[in-house]
Amino acid sequence: MSDAIVLKYDVPGDDFTRAGEASSDIKQKLRKMGIPPEAIRKVAISMYEGEINMVIHAHGGQITVEITPEDVDMLLEDHGPGIADIEQAMQAGFSTAPEDVRGLGFGAGMGLPNMKKYSDEFSIESEVGVGTTVHMKVRF
Amino acid sequence: MTIREIQKILDAEVCCGEELLDREVHTACGSDLMSDVLAFVKDQAVLLTGLCNPQAIRTAEMMDIVCLVFVRSKVPTDTMIELARENDLVILSTKLAMFPSCGLLYENGLRGGSRI
């Protein structure tokens, strides 16, 4: 994988206004690399939803992005409270977000479904009290 | 429809992006829920929203939305305007509420986005 570019981002927790900075940076980098716009949009949306989730639920986290000539691989890791029932969390409309987050335009239970919808590969692992890891891949 | 036409129809104030008013808009979306906006791909869309915070700008950025309309006289902060400028996003502010704003644009031929 000598052609791969690896980027790491720290997503600050509890600062909702800054959520999306990592996704914005990736979007600009992919655009400069001449990646097809449709793939860029898929990466941007799925990663943005992941960032928002990290801020809302997990006091931030880390995102590692690997860009290869064929795809973008995103690994989102947090040490938040974890998810007890992943199947339930994946249902559109299910949310545990606090009321104040809903007033900010999120927390409608669409984050994880959107992440799955926009990525070509999606997997999620979580342990209560330990954290959550989401892996997503978007092919060009 | 161009952004300039939208501005006229909604009698809106241009908060930023004056030089981009002749850009074409193909579809529209009205929502205060950003995750709902993110769920549907729209082509060269305008987003009408009552949610006046930086995440509305970020959502527009991720979706390649070309114009954001704040309804009910909401006005963006300087930080939001700066963020919009970085992304070539036009921001309009109208006194009209969400329902009449959407209705007027629909009446003038603008339609919703498509599902993927």
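Is B:Ser73 buried, exposed or partly exposed? With a relative accessible area of 40%, B:Ser73 comes out as partly exposed, because that class lies between the cut-offs of under 20% for buried and over 50% for exposed. Keep in mind that what you're looking at is a predicted model.

Let's stay with B:Ser73 for a moment. You'll find B:Ser73 in the loop between β4 and α4 of chain B. Its backbone is a bit of an oddity: phi of B:Ser73 is near 65 degrees, a positive value in a residue other than glycine. Most residues other than glycine have a negative phi. B:Asp11 does this too, with a positive phi of about 45 degrees although it isn't a glycine. B:Asp11 sits in the loop between α1 and β1 of chain B. Its relative accessible area is 67%, so B:Asp11 counts as exposed.

Now for the sheet of chain B. Six strands make up an open sheet with mixed pairing, and the order across it is β1-β5-β4-β3-β2-β6. What stands at the edges of this sheet? In chain B, β1 (13-16) and β6 (111-112) take those places, and each has a single partner strand, so one side of each is left without a neighbour in the sheet. Strands of a sheet pair through backbone hydrogen bonds, either parallel or antiparallel. For a parallel example, look at β3 (residues 45-49) and β4 (residues 67-70) of chain B, which pair over four bridges. B:Leu48 has B:Val69 in β4(B) as its bridge partner.

Helices lie against these strands. Helix α5 (residues 98-107) of chain B packs on the sheet and touches β2 (27-30), β3 and β6 of chain B. Its direction makes about 155 degrees with that of β3(B). Helix α4 (residues 78-86) of chain B lies across β1, β4 and β5 (90-93) of chain B, and runs at about 80 degrees to β1(B).

Before leaving chain B, look at its beginning. B:Thr2 is found in the segment before α1 (3-9) of chain B. Is B:Thr2 buried or exposed? At 14% relative accessibility, B:Thr2 counts as buried, because the limit for buried is under 20%. Leaving out residues up to four places away in sequence, B:Thr2 touches B:Leu21, B:Asp22, B:Arg23 and B:Glu24. B:Thr2 and B:Ala45 are 43 residues apart in sequence, and their C-alpha atoms are 11 Å apart in space.

Next, the aromatic rings. A pair of aromatic rings is described by the distance of the centres and the angle of the planes. How many aromatic pairs turn up over all chains? A search of the whole structure finds two. One joins A:Phe16 and A:Phe106: their ring centres are 5.8 Å apart and their planes are at 70 degrees, so this pair is edge-to-face. A:Phe16 is in the loop between β1 (5-12) and α1 (21-32) of chain A, while A:Phe106 is in the loop between α4 (99-102) and α5 (111-118) of chain A, so the pair ties together parts that are 90 residues apart in sequence. Both of these residues, A:Phe16 and A:Phe106, are buried.

A:Tyr48 and A:Phe106 form another pair, with centres 6.0 Å apart and planes at 80 degrees, so this pair is edge-to-face as well. Here A:Tyr48, in helix α2 (residues 37-57) of chain A, is linked to A:Phe106 across 58 residues. A:Tyr48 is buried. Put the ring pairs together and you get a cluster of A:Phe16, A:Tyr48 and A:Phe106.

A:Tyr48 also leads us to the place where the chains meet. There, 28 residues of chain A are in contact with 22 residues of chain B. The area buried between the chains is about 2,000 Å², and carbon and sulfur atoms give 53% of that area. A:Lys27, A:Arg41 and A:Tyr48 supply 26% of the area that chain A buries against chain B, more than any other three residues. Across the chains, the charged end of A:Lys117 sits over the ring of B:Phe40, 4.9 Å from its centre.

Finally, take α5(A), which is mostly covered, with six of its eight residues buried. Among them are A:Leu112, A:Met115 and A:Tyr118. What covers the buried residues of α5(A)? The cover includes α2, α3 (86-89), β4 (121-127) and β5 (131-139) of chain A, together with α2 (34-38) of chain B.

Key
Residues numbered from 1 in each chain as written. Chains lettered and ligands numbered in written order. Predicted model: local features only at pLDDT ≥ 70, side-chain atom pairs only at ≥ 80, totals over all residues. Heavy atoms only, no water. Pairing = 2+ DSSP bridges. Helix = DSSP H or I, 4+ residues; strand = E, 2+ residues; numbered from the N terminus. Contact = heavy atoms within 4.5 Å. Axes fitted to C-alpha atoms, helices over the stretch in contact; angles between N-to-C directions. Phe/Tyr/Trp six-rings, centres within 6.5 Å; stacked < 30°, edge-to-face > 60°. Buried < 20%, exposed > 50% of the residue type's maximum accessible area, 1.4 Å probe, protein only. Lys NZ or Arg CZ within 6 Å of the ring centre and 35° of its normal. Buried area = accessible area lost by both parts, 1.4 Å probe.
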